[in-house]
Amino acid sequence: MAAAHHEPLAEPAQEILRRLGVPPAAYANGELRTISPIDGGQIGRVRIDGPADAARKIEAAHAAFQVWRSVPAPRRGELVRLFGEELRAAKADLGRLVSIEVGKIPSEGLGEVQEMIDICDFAVGLSRQLYGLTIATERPGHRMMETWHPLGVVGVISAFNFPVAVWSWNAALALVCGNTVVWKPSEKASLTALATQAILARAVTRFGSDAPEGLAEVIVGDRAVGEVLVDHPQVPLVSATGSTRMGRDVGPRLARRFARAILELGGNNGAIVCPSADQDMTVRAVAFAAMGTAGQRCTTLRRLFVHESVYNQFVPRLKAAFGSVAVGDPLATTALVGPLIDAGAYEAMQQALAAARLAGGSVAGGERVDLGRPDAYYVRPALVEMPEQAGPVLEETFAPILYVMPYTDFEDAVRKHNAVAAGLSSSVFTRDLGEAERFLASEGSDCGIANVNIGTSGAEIGGAFGGEKETGGGRESGSDAWKAYMRRATNTINYSRALPLAQGVSFDID
Ligand code: NAD
């Protein structure tokens with residue numbers, strides 16, 4: 001019980017914030033209590049931005065855009081390069097703060113910062129590769145081309161479970177593309193946002209005076225302040241990561257004012273284990289994908305279809321892995337599964353398990369692990385054998401629950417795999433080339449991410465990230481995701497003295 005009373009993580013969290021140069025006024029006496037899920041204790045009191053503060057910051061970012069868009073892109077890349085350097089220097093501190101604020105195990109907290117560094121490297125290279133096409137024109141003496149221009153203020157709304165990496169995927173690209181950024185972090189993870197902002201400020205100071213004030217702003221608060229960002233006419237693009245419920249509200253609001261949206265919403269990710277799958281590797285891949293980050297990744301594996309011929313060998317092995325994985329304080333032990341974010345997450349998990357039992361499911365695990373901390377919610381990951389895909393299996397519950405179902409026919413398994421509302425990530429485990437290719441083909445997985453012999457989670461930044469259907473359709477991070485952060489102009493240049501019209505139209509005036 002002691003852990004909950006003396007709030008032992010407030011001091012280490014605030015020490016990191018001090019070291020990174022965050023002013024205490026931002027996190028010491030504000031209205032928003034920040035809680036560590038590790039012990040349920042308060043680690044900060046963050047000052048909230050009201051609607052007027054939010055509007056002022058958006059306007060500052062808009063003013064900064066007028067300057068930043070004219071700075072040459074490779075020079076903008078230099079700022080992101082310096083930010084990557086500052087992140088390398090601050091990696092241990094920021095990674096630990098991620099662990100304290102959202103409960104990730106140390107390697108995952110550090111991994112999140114590594115992802116920020118990786119996207120900075122990617123964006124630096126990109127700053128010299130914002131290519132447009134030159135297109136053959138039907139008119140003699142003409143040239144046609146595409147030019148990509150900066151867009152404006154990019155709003156970023158982020159979720160608690162990747163409190164800093166998701167912002168960096170957006171911000172690193174947005175900044176090299178010539179945009180400015182206003183970030184509304186999760187109300188459950190404001191401290192890591194303030195820390196990230198301080199790290200960026202160091203890079204801006206080193207960069208020099210051509211970085212305008214207001215280049216990157218943070219607005220702290222809950223959905224009310226997020227709505228200010230969504231509705232603001234000076235924000236032409238909002239990249240919003242979170243639940244499908246959030247996207248259902250944000251998407252239409254943006255559409256109403258013809259703003260762009262990148263929606264990165266919930267997932268209900270599935271995998272198929274085929275008869276030829278390498279079982280040793282598959283057990284490990286499934287265990288990480290289903291239990292890593294305590295089931296609180298958008299790409300967490302939640303549904304598993306196992307061929308009936310291997311079901312009785314494979315599922316008991318998986319169950320043993322679920323039963324033996326260490327659950328505990330991620331900073332004080334070598335546990336692989338840390339806490340759920342809060343009581344609400346715990347209750348949602350218990351409700352889903354109750355519904356699964358009602359639907360004929362057989363539940364192993366799922367119970368609360370008592371660490372003597374009444375305000376922290378540790379659970380054993382649950383493996384639920386279901387007779388069919390029904391009830392809670394059809395929805396994302398943001399907790400470590402893996403629903404396992406047998407299948408007979410591969411095509412039927414793919415059909416069931418696709419028969420949910422979300423469409424983020426998916427995997428097939430097989431040594432059969434035909435099955436692997438069918439899963440990746442147009443009639444295979446309908447997700448934004450489809451993998452072979454690797455789990456659903458743990459994407460790297462080089463590929464575009466995002467999903468289909470109720471996952472929202474957005475893409476961010478690698479590949480050509482940068483195009484969403486720029487506006488495209490098609491330019492036709494007549495270098496002749498004639499004026500031929502397209503499509504043979506004639507319009508001769510005397
Ligand atoms: P959430 O939807 O509760 O909150 C996400 C963010 O949206 C927060 O900053 C919140 O303040 C803000 N918000 C909520 N409603 C809003 C509104 N109407 N207008 C403006 N802002 C609003 O999600 P969460 O609990 O923090 O995160 C978990 C969810 O996020 C899961 O569903 C998970 O799958 C999803 N997620 C998706 C991705 C992805 O890339 N697809 C990545 C991470 C998390």
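The hairpin of β1 and β2 has 6 residues between its strands, and Gly40 takes a positive phi near 75° there. Strand β1 (residues 32-35) runs antiparallel to strand β2 (residues 42-46), with 4 bridges holding the pair. Two arginines face each other here: Arg33 stands opposite Arg45 in β2. Strands and helices are DSSP runs numbered from the N terminus, with at least two residues (E) for a strand and at least four (H or I) for a helix; two strands pair if DSSP finds at least two bridges between them.

This is a predicted model, in which local features need pLDDT of at least 70 and side-chain atom pairs count only at pLDDT 80 or more, while totals for chains, interfaces and linings use all residues. Residue numbers start from 1 along each chain as its sequence is written.

Stepping back to the whole chain, there are 15 helices and 23 strands. The radius of gyration comes out at 25 Å, close to the 24 Å that the globule rule gives for 510 residues, so the chain is as compact as a globular protein of that length. (That radius is taken over C-alpha atoms, and the rule is 2.2 Å times the number of residues to the power 0.38.) Along the principal axes, the C-alpha atoms fill a box of roughly 85 × 60 × 35 Å. Of the 510 residues, 52% count as buried, that is, 20 or more other C-beta atoms lie within 10 Å of their own; exposed means 12 or fewer, partly exposed is in between, and C-beta atoms are placed from the backbone. Among contacts with a separation of 6 or more, 73% link residues 24 or more positions apart; a contact here means C-beta atoms, placed from the backbone, within 7 Å.

Next come the sheets. One open sheet has 5 strands in the order β7-β6-β5-β8-β9, with parallel pairing. Its edge strands, each pairing on one side only, are β7 (216-218) and β9 (260-264). Neighbouring strands of this sheet are turned by 15° against each other on average, direction ignored. Within it, strand β8 (residues 237-241) pairs with β9 in the parallel sense over 5 bridges, and Val238 has Ala261 in β9 as its bridge partner. Helix α7 (residues 165-176) lies across β5 (153-157), β6 (180-184), β7 and β8, at about 175° to β5. For such angles, axes are lines fitted to C-alpha atoms, for helices over the stretch in contact, and values run from 0 to 180 degrees between N-to-C directions.

Another open sheet is built from 7 strands in the order β12-β15-β16-β11-β10-β18-β19, and its pairing is mixed. At the edges sit β12 (362-364) and β19 (449-452), each pairing on one side only. The average turn between neighbouring strands of this sheet is 20°, direction ignored. Strands β15 (residues 382-385) and β16 (residues 401-407) run parallel and are joined by 4 bridges, with Val384 opposite Tyr403 in β16. Helix α12 (residues 308-324) lies across β10 (269-273), β11 (301-307), β12, β15 and β16, at about 145° to β11. Helix α15 (residues 433-440) lies across β18 (425-429) and β19, running at about 175° to β19.

A second hairpin is made by β3 and β4, with 6 residues between them and a positive phi of about 70° at Gly141 in the turn. β4 also pairs with β23, antiparallel and over 9 bridges, and Pro150 has Met486 in β23 as its bridge partner. Tyr485 is found in the loop between β22 (476-477) and β23 (486-494). Tyr485 counts as buried because it has 28 C-beta neighbours inside 10 Å. Its C-alpha atom is 7.2 Å from that of Pro150, although the two are 335 residues apart in sequence. Beyond its neighbours within four places in sequence, Tyr485 is in contact with residues including Leu151, Leu173 and Leu237.

Finally, there is the ligand. Around it are 31 residues, of which Ala159, Gly226, Gly242, Glu264 and Cys298 come nearest; a residue is near if its C-beta atom, placed from the backbone, lies within 6 Å. Two or more shell residues come from each of α9 (223-231) and α10 (244-256), and α9 gives the largest share, 4 residues. The shell divides into 12 nonpolar, 11 polar and 8 charged residues. Here Ala, Val, Leu, Ile, Met, Phe, Trp, Tyr, Cys and Pro count as nonpolar, Asp, Glu, Lys and Arg as charged, and the others, Gly among them, as polar.

Methods
Two residues are in contact if their C-beta atoms, placed from the backbone, lie within 7 Å.
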